[in-house]
Amino acid sequence: MADDYLVRIGKLIRDARQHRGWTQAQLAEALSTSQSAVNRIERGNQNISLEMIARIGEALDSEIVSLGYAGPMHLRVVGGRRLSGSIDVKTSKNACVALLCASLLNKGRTVLRRVARIEEVYRLLEVLNSIGVRTRWINDGVDLEIVPPAELDMDAIDAEAARRTRSIIMFLGPLLHRMDRFKLPYAGGCDLGTRTIEPHMIALRRFGLDIAATEGLYHAEVARDVSPDRPIVLTERGDTVTENALLAAARSAGTTVIRNASSNYMVQDLCFFLEALGVKVEGIGTTTLTVHGVPTIDVDVDYSPSEDPVEAMSLLAAAVVTESELTVRRVPIEFLEIELAVLEEMGLDHDRSAEYAADNGRTRLIDLTVRPSKLEAPIDKIHPMPFPGLNIDNVPFFAAIAAAAQGKTLIHDWVYDNRAIYLTDLNRLGGRLQLLDPHRVLVEGPTRWRAAEMMCPPALRPAVVVLLAMMAAEGTSVLRNVYVINRGYEDLAERLNSVGAQIETFRDI
């Protein structure tokens, strides 16, 4: 009986280690033990104490054995430290989730390189696995292999995982090609106010998709005799709306024209991936996309999504608010040019390397070195626009940057109902932000940040902005329940620590 218990614990530890993408040697190093000891533990050949199980769980960020309620994760931040050295930008979160949804178009094997290992991706993998898609991390946990079944089992869908991600809405485009009727749980994700899915429905009805929403589910029916007979004009130039229309068009016979399309980074990566599947897409990078559909897609494809411009902006902002010299490598410059132009006007001191190609062969990257700068508030307000304007997701970072600048900055976050409200959480850390209405906030700087203990805002980018301010504040701060940050960033605390931050992850006992 004891031997059976040890074997089961060993298998749990092995699975958790492989899920994190670690070798036995890496786990051994984290535990200050030998690889042979880890090997014996995983084979069930070594007695193991509860203390050691707890240490392994902490190292792998996995609840190996649950003794009651598994509490939320928190961060303890020792601020006032300068960052230095260099840090690489990870692959795009939003591109990766779109490509996971797009893999449902393909009957063959899909391999995605350097996939972001974040909670949003994990939730989608849980959904994919529940309906019969086989996924596994390969190449030491760096890349992801996806193999779909002949038939999807939508009745077995993991509803809880689906409701914890907005990305589930992008299953509609691919699924309408695979079945005449199906159900999807309502989309979840960040708390950013009510966001209608009507723009998705307007586009997808042109492909025969009809949706009825009842009891927490979207009930979908597909009319096979319906296909677009004229260009589709999107009523909202949204990223996910454009992606859903692309996913629907990819396997629709003939040519589909999509107008008022987003040309943002994740949309371009999806277009590049569709081309790898054999779907011709004209107009990439513009607001009119022409898709030459392929009714059947059965290819083995290998694709590398590009780097994340919003993460690049996060790291740039971290350097600014901590008054540090930091090199951010693999920055997708095409999608940060407006932000950098604004920062130059504010007085940012920085250098750029020559451009080079991302692994997808299409996206332009640079290395960006940021130095401590005397910033002045911009003359004009900070406001987002569809690409090539200032990225909607980058607006919150300007709240922290503006707080470090001399003068008053008006930030107009017109897209989301509530997000500007969350930015006023910076006042708990010494900021001087005045909420003018649910969309506009006035930021006065410079700021003398102070340490505080507070709950994490329920929206991803404002949560990271609060973390950055804590890094600038002298003393020790605590940010509680940081699941929302883990939704969009891979090992953010660990990576910031590698360039000089002091951030500790912990859970309540």
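Here, a residue counts as buried when its relative accessible area is under 20%. The views below come from a predicted model.

**View 1. Phenylalanine 335 and phenylalanine 387 make a tilted ring pair.** Phenylalanine 335 has a relative accessibility of 6%, so this residue counts as buried. Its partner, phenylalanine 387, is buried too, with a relative accessible area of 13%. The two ring centres are 5.0 Å apart, and the planes meet at 45°. Phenylalanine 335 sits in the loop between β14 (326–332) and α13 (337–346), while phenylalanine 387 belongs to the loop between β17 (364–371) and α14 (395–403), so the pair ties together parts that are 52 residues apart in sequence. Look for Tyr265 here as well: ring pairs link Tyr265, Phe335 and Phe387 into a cluster.

**View 2. Phenylalanine 273 meets tyrosine 303 edge-to-face.** This is one of the three aromatic pairs in the structure. From centre to centre the rings are 5.8 Å apart, with 70° between the planes. Helix α11 (residues 265–276) carries phenylalanine 273 and strand β13 (residues 301–303) carries tyrosine 303, so the pair ties together parts that are 30 residues apart in sequence. Buried or exposed, these two? Both phenylalanine 273 and tyrosine 303 are buried.

**View 3. The charged end of arginine 76 sits over the ring of phenylalanine 506.** Here we swap ring pairs for a charge and a ring. The distance from that charged end to the centre of the phenylalanine 506 ring is 4.0 Å.

**View 4. Arginine 117 lies over the face of tryptophan 137.** In this close-up, arginine 117 is at 3.8 Å from the ring centre of tryptophan 137.

Note on methods: Residues are numbered from 1 along each chain as its sequence is written. This is a predicted model: local features need pLDDT of at least 70, side-chain atom pairs count only at pLDDT 80 or more; totals for chains, interfaces and linings use all residues. Side-chain values use heavy atoms; hydrogens and water are left out. Rings of Phe, Tyr and Trp (its six-membered ring) pair if their centres lie within 6.5 Å; planes under 30 degrees apart count as stacked, over 60 as edge-to-face and the rest as tilted. Helices (H or I, at least four residues) and strands (E, at least two) are DSSP runs, numbered from the N terminus. Buried means under 20% relative accessible area, exposed over 50%, partly exposed in between (1.4 Å probe, protein chains only). A charge sits over a ring if NZ of Lys or CZ of Arg is within 6 Å of the ring centre and within 35 degrees of the ring normal.
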